[in-house]
Amino acid sequence: MLPSAGFTFFCRSTAATAAAVVSLCTGAALAADVEPEITFRRDVMPVLSKVGCNVGGCHGNGNGKAGLKLSLRGQDPDLDWQALTRDQGGRRINLLQPEKSLLLLKATATVAHEGGQRITPGSPEHAAILEWLHDGARDTGATAPRLVKITVTPPESVVFEPAAEVQLSATATFADGSTRDITRLAVYEPSNLIIKVSPTGLVTREKSGEATVLVRFLEQQVPVRLAFVPARPDFLWHPVAERNFIDPHVFAKAQQLRVNPSPECADDIFLRRAYLDLTGLVPDAAEARAFLADLAADKRARLVDRLLAGPEFADFWALKWADLLKIEERQLDAKGMRTF
């Protein structure tokens, strides 16, 4: 009888223990609702984009860098997870000692890294990757609600001196209706050098002018248009006659920036500007004389139409768009340039 009684007691104790474990697991699940787990697709992928690992000049290049090839700007999470955890025998991660993973050692420049230090030890970015590694470096997040949109505040702004800063705030909205503050995780790309943007979205004026900040998170991106304008306290708008459907938009923008349109220029100046703006060339002497001798009221419109129809316009503006879209061999390689 004693062995039987002992066995019964053991089973009851085990059942009680199991119930306690279930209770603890349930509590852990509830806690997870408050503190979501770090997932590869929604937490680690944004960090790779934030620190520039997957841009064209780094591992996002068509040929990769130093043996590691990531998808450009994180467009293919499946490829990136395979590259980080499986390529070259999985040498980039160390699940037994996650903090010694080559992925982290390179990013923090603890081990020599051609791209220099990309992540600061102890930063939220470092903590996110380390927690993912501690959790087994799984391809988590694939079944999570997809990203629907990102919202950036303010969407546009005109800033007058003496103000010199604009703080951007970004929020991600997912298919289940949930939202997340992604201000620190978003990538901020200024269109020119008149502004600087901090990793946390603080835009600072370097000099007066207009700029666009492209805000990226995962597969979504939003442009934010900013203008930093001198105070001009004595500005007074001088109304100008509108000649086409574009003029109202141009004049509204000029009034917003506290700039009056310049007076109409002379024919010779207009001719030179039209040629340079549309073709990058200057007119020859015969064309200049013919244009100045023409007394027709529509000669300027006819000149513009003729220049737009010429092959020089296509060549010149193809070059301009190539510059704007950064179509060059270092970023895209020769095949990518030809594709563009």
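Student: Is glutamate 161 buried, partly exposed or exposed?

Tutor: This is a predicted model, and the class follows from the computed accessibility. Partly exposed covers the range between 20% and 50% relative accessible area. Glutamate 161 has 34% relative accessibility, so the class is partly exposed.

Student: Which side chain meets glutamate 161 in a salt bridge?

Tutor: A salt bridge here needs a side-chain nitrogen of Lys or Arg within 4 Å of a carboxyl oxygen of Asp or Glu. The N to O distance in this pair is 3.5 Å. Glutamate 161 lies in the loop between β2 and β3, and its partner, 44 residues apart, is in strand β8. That partner is arginine 205.

Student: Glutamate 161 is joined to proline 162 by which kind of peptide bond, cis or trans?

Tutor: Most peptide bonds are trans. In the loop between β2 and β3, where proline 162 lies, omega for this bond is about 10 degrees. The bond from glutamate 161 to proline 162 is cis.

Student: Which proline in the loop between β1 and β2 follows a cis peptide bond?

Tutor: The loop in question comes after β1 (147-153). The cis bond starts at threonine 153 and has omega near -10 degrees. The residue it leads to is proline 154.

Student: What is the strand order of the open sheet of four strands?

Tutor: Strands of a sheet pair through backbone hydrogen bonds, either parallel or antiparallel. In this sheet the pairing is mixed. β2 and β6 stand at the edges, each with a single partner strand, so one side of each is left without a neighbour in the sheet. The order is β2-β10-β9-β6.

Student: In that sheet, which residue of β10 is the bridge partner of valine 158?

Tutor: Strand β2 (residues 156-160) runs parallel to strand β10 (residues 220-229), and five bridges join them. Valine 158 has its bridge partner in β10, namely alanine 227.

Student: How many bridges pair β9 with β10?

Tutor: These two strands pair in the antiparallel sense. One of the bridges has alanine 211 and leucine 226 as partners. The number of bridges between β9 and β10 is nine.

Student: Which residue of β9 is the bridge partner of tyrosine 188?

Tutor: β6 and β9 pair in the antiparallel sense over four bridges. Tyrosine 188 has its partner in β9, and that residue is valine 215.

Student: Which residue in the hairpin of β9 and β10 takes a positive phi?

Tutor: Most residues other than glycine have a negative phi. The hairpin has two residues between the strands. The residue with a phi near 50 degrees there is partly exposed, with a relative accessible area of 22%. It is leucine 218.

Student: Where does arginine 258, another residue with a positive phi, lie?

Tutor: Arginine 258 is not a glycine, yet its phi is about 60 degrees. At 29% relative accessibility, arginine 258 counts as partly exposed. Its place is the loop between α7 (247-256) and α8 (267-279).

Student: Which strands stand at the edges of the open sheet of three strands?

Tutor: The order is β3-β8-β7, with antiparallel pairing. Each edge strand has a single partner strand, so one side of each is left without a neighbour in the sheet. The edge strands are β3 (165-167) and β7 (195-197).

Student: Is lysine 299, which meets aspartate 267 in a salt bridge, buried or exposed?

Tutor: The N to O distance of that salt bridge is 2.6 Å. Lysine 299 lies in helix α10 and aspartate 267 in helix α8, so the pair ties together parts that are 32 residues apart in sequence. Buried means under 20% relative accessible area. With 7%, lysine 299 is buried.

Student: How far apart are the end C-alpha atoms of helix α11?

Tutor: Helix α11 has 14 residues, 311-324. At 1.5 Å a residue they should span 20 Å, and the model agrees with this. The end C-alpha atoms are 20 Å apart.

Student: What is the area of the nonpolar surface patch that includes Trp321?

Tutor: Tryptophan 321 is in helix α11 and is partly exposed, with a relative accessible area of 48%. The patch is made by Trp321, Leu324, Leu325 and Phe340. Its area is about 480 Å².

Definitions and conventions: Residues numbered from 1 in each chain as written. Predicted model: local features only at pLDDT ≥ 70, side-chain atom pairs only at ≥ 80, totals over all residues. Heavy atoms only, no water. Expected span 1.5 Å × (residues − 1). Pairing = 2+ DSSP bridges. Patch = residues over 30% accessible without salt bridge, like charges linked within 9 Å, V, L, I, M, F, W, Y side chains within 5 Å. Areas by Shrake-Rupley, 256 points an atom, 1.4 Å probe, with all protein chains shown as cover. Buried < 20%, exposed > 50% of the residue type's maximum accessible area, 1.4 Å probe, protein only.
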